Amino acid sequence: NLEAIDQLFYIDAALQANQSLINPFLPQSAADSTFNKYTYVQGSVAPYLQGNFATNWRYLVRSDNSYTYTTQSDSNLDNAYHGRHRAEVARIATPLGGLLQVQRDVTRFDDLRDVDQELDVVRATINYAFTPQFSAGLRGGYERTNYTRTEESGPIYGAELEWRPGP
């Protein structure tokens, strides 16, 4: 985690590599063999702006980006990208609070000829703090997705309870 600009702009980043089995039901090979194995490298970077303004207000603008690269000799696994981009502004419940959030998720596979898988969400929440440890609220919004072969969209709604017991 890098705080690039004091109390404003941050960058989270990670890199990892691993080797895994393609099919756990096939025989396992020797350590130096690539039979039934693939290697993946995953890198992620997430720049974001985060801060507070006025009393009890906060904001966040964040873009999480993850790239996965695979290498193997026995199977054709795709390289992939996943991005989650969101912006939100919130007021801490003292006693009345709320949240307004927009979010876009994108998943893309290099060798896939289909369109990217996308999820777009707009969500608003209003909540009331009955005590510092207990609050309740309502949420509503709208989402659109093409995770299935057909595009789906519609309203989302619900309720929330939060209880944070003290020591």
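Lys37 is found in strand S3, and this residue makes a convenient place to enter the structure, which is a predicted model. With a relative accessible area of 12%, Lys37 counts as buried, because the limit for that class is set at under 20%. The C-alpha atoms of Lys37 and Leu119 are separated by 32 Å, and the two residues stand 82 residues apart along the chain.

From this starting point we can step back to the whole chain. The protein has nine strands and zero helices, so that a reader who follows the elements from the N terminus on meets β-β-β-β-β-β-β-β-β. The radius of gyration of the protein is 21 Å, whereas the globule rule gives 15 Å for 167 residues, and because the first value is well over the second, the protein is more spread out than a compact globule. The C-alpha trace spans about 60 × 40 × 35 Å along its principal axes.

The surface and the charges can be described in a similar way. Of the 167 residues of the protein, 25% count as buried, and the area that the protein exposes comes to about 11,400 Å², of which carbon and sulfur atoms supply 57%. The side chains include 14 positive and 20 negative ones, and the centres of these two sets lie 5 Å apart. As for contacts, among those between residues at least 6 apart in sequence, 43% join residues at least 24 apart.

The aromatic residues offer a more local view, for the structure holds six aromatic pairs. One of them is formed by Tyr10 and Tyr48, whose rings are stacked, with 5.1 Å from centre to centre and 15° between the planes. Because Tyr10 lies in strand S2 (residues 9-21) and Tyr48 in strand S3 (residues 37-53), this pair ties together parts that are 38 residues apart in sequence. Tyr10 is buried, with a relative accessible area of 14%, and Tyr48 likewise counts as buried, at 7% relative accessibility.

Another aromatic pair, Tyr128 with Phe130, is edge-to-face, with 5.1 Å between the centres and 70° between the planes. In this case Tyr128 is partly exposed, with a relative accessible area of 38%, while Phe130 counts as exposed at 52% relative accessibility. In addition, Phe53, Trp57 and Tyr59 form one aromatic cluster.

The loop between S3 and strand S4 (57-72) holds Ala54, and Asn56 is found in the loop between S3 and S4 as well. Ala54 has a phi near 55°, which is a positive value in a residue other than glycine, and Asn56 also has a positive phi, of about 70°, although it is not a glycine. As for their surroundings, Ala54 counts as exposed, at 65% relative accessibility, whereas Asn56 is partly exposed, with a relative accessible area of 28%.

A further backbone feature appears in the loop between strand S5 (80-91) and strand S6 (96-109), where Pro95 is found. The peptide bond that leads from Thr94 to Pro95 is cis, with omega near -5°.

Two isoleucines carry the description on towards the later strands. Ile126 lies in strand S7 (residues 117-129) and counts as partly exposed, at 48% relative accessibility. Although Ile126 and Gly98 are 28 residues apart in sequence, the distance between them in space is 4.1 Å, C-alpha to C-alpha. If its neighbours within four places in sequence are left aside, Ile126 is in contact with Leu96, Gly97, Gly98, Ala136, Gly137 and Leu138.

Ile156, for its part, is found in strand S9 (residues 152-163). Not counting residues up to four places away in sequence, Ile156 touches Val121, Val122 and Arg123, and also Arg139, Gly140, Gly141, Tyr142 and Glu143. For Glu143, which stands 13 residues apart from Ile156 along the chain, the separation of the C-alpha atoms from those of Ile156 is 6.9 Å.

Notes:
Residues numbered from 1 in each chain as written. Predicted model: local features only at pLDDT ≥ 70, side-chain atom pairs only at ≥ 80, totals over all residues. Heavy atoms only, no water. Helix = DSSP H or I, 4+ residues; strand = E, 2+ residues; numbered from the N terminus. Rg over C-alpha atoms; globule rule 2.2 N^0.38 Å. Buried < 20%, exposed > 50% of the residue type's maximum accessible area, 1.4 Å probe, protein only. Contact = heavy atoms within 4.5 Å. Areas by Shrake-Rupley, 256 points an atom, 1.4 Å probe, with all protein chains shown as cover. Lys, Arg positive; Asp, Glu negative; His and termini not counted. Charge placed at Lys NZ, Arg CZ, Asp CG, Glu CD. Phe/Tyr/Trp six-rings, centres within 6.5 Å; stacked < 30°, edge-to-face > 60°.
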